[in-house]
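The following exercises are to be worked with the sequence and the coordinates at hand. Each task is followed by a solution in steps.

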Amino acid sequence: MLPLTSPCFALCAFLFFFSPTVSAENPYRFFTWNVSYGNIYPLAVRQQGILINGQFPGPDIHCVTNDNLIINVFNSLDEPFLISWNGIQQRRNSYEDGVYGTTCPIPPGKNFTYILQVKDQIGSFYYFPSLAFHKAAGGFGGIRILSRPRIPVPFPDPDGDYTVLIGDWYKSNHTTLKAHLDRGKKLPFPNGILINGRGNDTSFSVEQGKTYRLRISNVGLEHSLNFRIQGHKMKLVEVEGTHTLQTTYSSLDVHVGQSYSVLVTADQPAQDYYIVVSTRFTYRVLSTTGILHYSNSAGPVKGPPPGGPTIQIDWSLNQARSIRTNLTASGPRPNPQGSYHYGLINTTKTIILASSAGQVNRKQRYAVNSVSFNPADTPLKLADFFKIGGVFRVGSISDRPTGGGIYLDTSVMGADYRAFVEIVFQNNENIVQSWHIDGYSFFVVGMDGGQWTQSSRNQYNLRDAIARCTIQVYPFSWTAIYVALDNVGMWNVRSEFWARQYLGQQFYLRVYTPSTSLRDEFPIPKNALLCGRASGRHTRPL
């Protein structure tokens with residue numbers, strides 16, 4: 001008989017009590033995180049940051065396709081806390097998505113164990129705090145999902161692999177920014193740009209002649225950023241879980257919430273070189289620099305930092321159109337990515353989503369199809385599971401713009417499991433927007449200026465469009481995607497501009513089937529936290 005203290009006994013006990021949503025034949029990776037406040041100085045001013053195990057940014061998650069991730073999060077803050085996993089699809093398991101519409105917050109002084117599986121995924125993603133305005137204080141970190149050993153990758157193993165988290169940043173504490181929004185005000189212009197939590201002294205060491213993978217994610221609050229390295233080209237190889245055609249760029253636009261993997265070869269004379277990150281489409285350009293440091297460097301950086309694009313829309317649009325799927329490369333499975341012929345599938349529905357800005361009760365709000373999301377007192381997924389009436393109404397947001405004024409509601413759109421839908425993001429505002437859909441990867445089939453019409457389909461890319469989970473929409477323009485709704489659950493559709501998301505530019509897509517089969521959706525986790533009107537109920541007996 002196994003002793004109670006043996007690692008095998010602990011794993012067996014865990015599987016018995018908690019694992020209806022994980023797969024026993026795939027490896028387990030265990031993480032214990034303590035979330036706390038701490039002093040940080042990213043822009044040379046002391047701020048209250050959110051640390052994970054004392055780190056800002058938080059630790060990376062390294063895993064392999066299909067791994068089971070058991071992440072025990074202790075909340076040492078003085079307020080409720082949640083972590084969400086940008087790009088992790090939570091197959092059949094939206095309960096673990098870590099947004100308030102699906103998951104109860106972790107109370108102060110308590111813990112919660114996330115049980116995730118990176119099912120059929122590869123690539124570069126990140127996690128972040130989803131409640132209140134915590135994202136403005138940190139609590140984010142990189143996620144990298146490696147291919148399984150026998151699955152071919154369309155480029156040689158790099159000599160090094162770096163996470164590069166970039167984003168705009170404020171000197172004000174997150175509580176100050178949140179209070180500003182709660183008073184109905186817009187956020188001011190940010191104070192700076194960070195690279196891996198630092199304002200201007202981040203360094204990446206390389207050896208001459210070797211090639212490195214940089215996993216670049218824009219974890220900021222609002223602004224699109226341009227990334228470039230003095231004297232070096234970047235070969236794009238992966239975007240949010242899809243291997244790309246290997247196009248070479250001198251600089252790369254990374255919009256809020258997006259992740260890219262590039263290969264950089266240290267093929268220049270041995271010295272240090274600037275890494276530059278700067279804002280795009282802003283009236284005033286913010287920038288910061290880091291260093292690409294050659295191990296045999298003969299000296300410091302020379303000359304001014306390289307300039308980049310600033311307000312040019314066409315430049316960015318053309319670059320976005322050039323990012324395409326590598327059809328012959330394997331993804332998380334050995335079959336080629338091009339074996340799924342999305343362009344030959346008839347769409348079953350068209351959804352058009354238009355954002356808007358305005359005031360409700362003399363306070364700033366943002367909306368989708370005129371509805372500004374108002375959080376319910378109970379996570380929507382729990383209300384759905386326990387059949388608690390009055391929390392939300394399916395159909396409380398239209399699938400087309402209404403043209404009316406902005407109003408508040410807990411907006412939930414219904415959709416059928418296994419439908420294949422076309423979604424058009426229509427941007428009638430003079431800003432670049434960024435949209436994310438939890439639970440899914442979608443095909444970006446088209447983008448252009450003006451109003452979308454049915455004739456816009458004539459220019460769709462129905463062969464090798466990039467599949468990803470976060471997409472930009474240019475000013476007074478549209479972006480169209482195809483998505484197979486093959487993942488049952490309650491999924492957040494949101495602006496990645498965090499103030500807009502906080503003030504209502506989001507809704508939930510309820511992908512529904514009447515089936516209760518485990519093949520379609522996992523049951524509620526046994527350890528699920530229960531809050532709001534779900535308090536006092538029971539998940540399932542242990």
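## Exercise 1: The surroundings of Gln-426

Task. In this predicted model, determine which residues Gln-426 touches, not counting residues up to four places away in sequence, and which backbone atoms its side chain reaches.

Solution.
- Step 1. With heavy atoms within 4.5 Å taken as a contact, Gln-426 touches Ile-352, Leu-353, Ala-354, Ser-355, Gly-450, Gln-451, Trp-452, Ser-477 and Trp-478, residues up to four places away in sequence being left out.
- Step 2. Gln-426 is part of strand 27, which covers residues 420-427.
- Step 3. The relative accessible area of Gln-426 is 5%. Buried means under 20%, so Gln-426 is classed as buried.
- Step 4. Polar contacts are sought among N and O atoms within 3.5 Å. The side chain of Gln-426 reaches the backbone oxygen of Gly-450 at 3.1 Å and the backbone nitrogen of Trp-452 at 3.0 Å.

## Exercise 2: A loop residue

Task. Establish where Ala-329 lies, whether Ala-329 is to be classed as buried or exposed, and which residues Ala-329 touches beyond four places in sequence.

Solution.
- Step 1. Ala-329 belongs to the loop between helix 3 (313-322) and strand 21 (349-360).
- Step 2. Its relative accessible area is 6%; since buried means under 20%, Ala-329 is buried.
- Step 3. Not counting residues up to four places away in sequence, Ala-329 touches Pro-154, His-243, Asn-335, Pro-336 and Gln-337.
- Step 4. Ala-329 and Pro-152 are 177 residues apart along the chain, yet their C-alpha atoms are separated by 7.8 Å.

## Exercise 3: The chain as a whole

Task. Decide how the radius of gyration of the chain stands against that of a compact globule, and describe the chain by its secondary structure, contacts, burial and charges.

Solution.
- Step 1. For 542 residues, a compact globule would have a radius of gyration near 24 Å; the chain has 23 Å, so the two agree.
- Step 2. Along the principal axes, the C-alpha atoms fill a box of roughly 65 × 65 × 50 Å.
- Step 3. The chain has 5 helices and 34 strands.
- Step 4. Among contacts with a separation of 6 or more, 77% join residues 24 or more positions apart.
- Step 5. Of the 542 residues, 60% count as buried. The accessible surface comes to about 21,200 Å², and 52% of this surface belongs to carbon and sulfur atoms.
- Step 6. The chain carries 48 positive and 36 negative charges, and the mean positions of these two sets are 3 Å apart.

Technical notes: Residues numbered from 1 in each chain as written. Predicted model: local features only at pLDDT ≥ 70, side-chain atom pairs only at ≥ 80, totals over all residues. Heavy atoms only, no water. Helix = DSSP H or I, 4+ residues; strand = E, 2+ residues; numbered from the N terminus. Rg over C-alpha atoms; globule rule 2.2 N^0.38 Å. Buried < 20%, exposed > 50% of the residue type's maximum accessible area, 1.4 Å probe, protein only. Areas by Shrake-Rupley, 256 points an atom, 1.4 Å probe, with all protein chains shown as cover. Lys, Arg positive; Asp, Glu negative; His and termini not counted. Charge placed at Lys NZ, Arg CZ, Asp CG, Glu CD. Polar contact = N/O pair within 3.5 Å; in protein donor to acceptor, adjacent residues only side chain to side chain.
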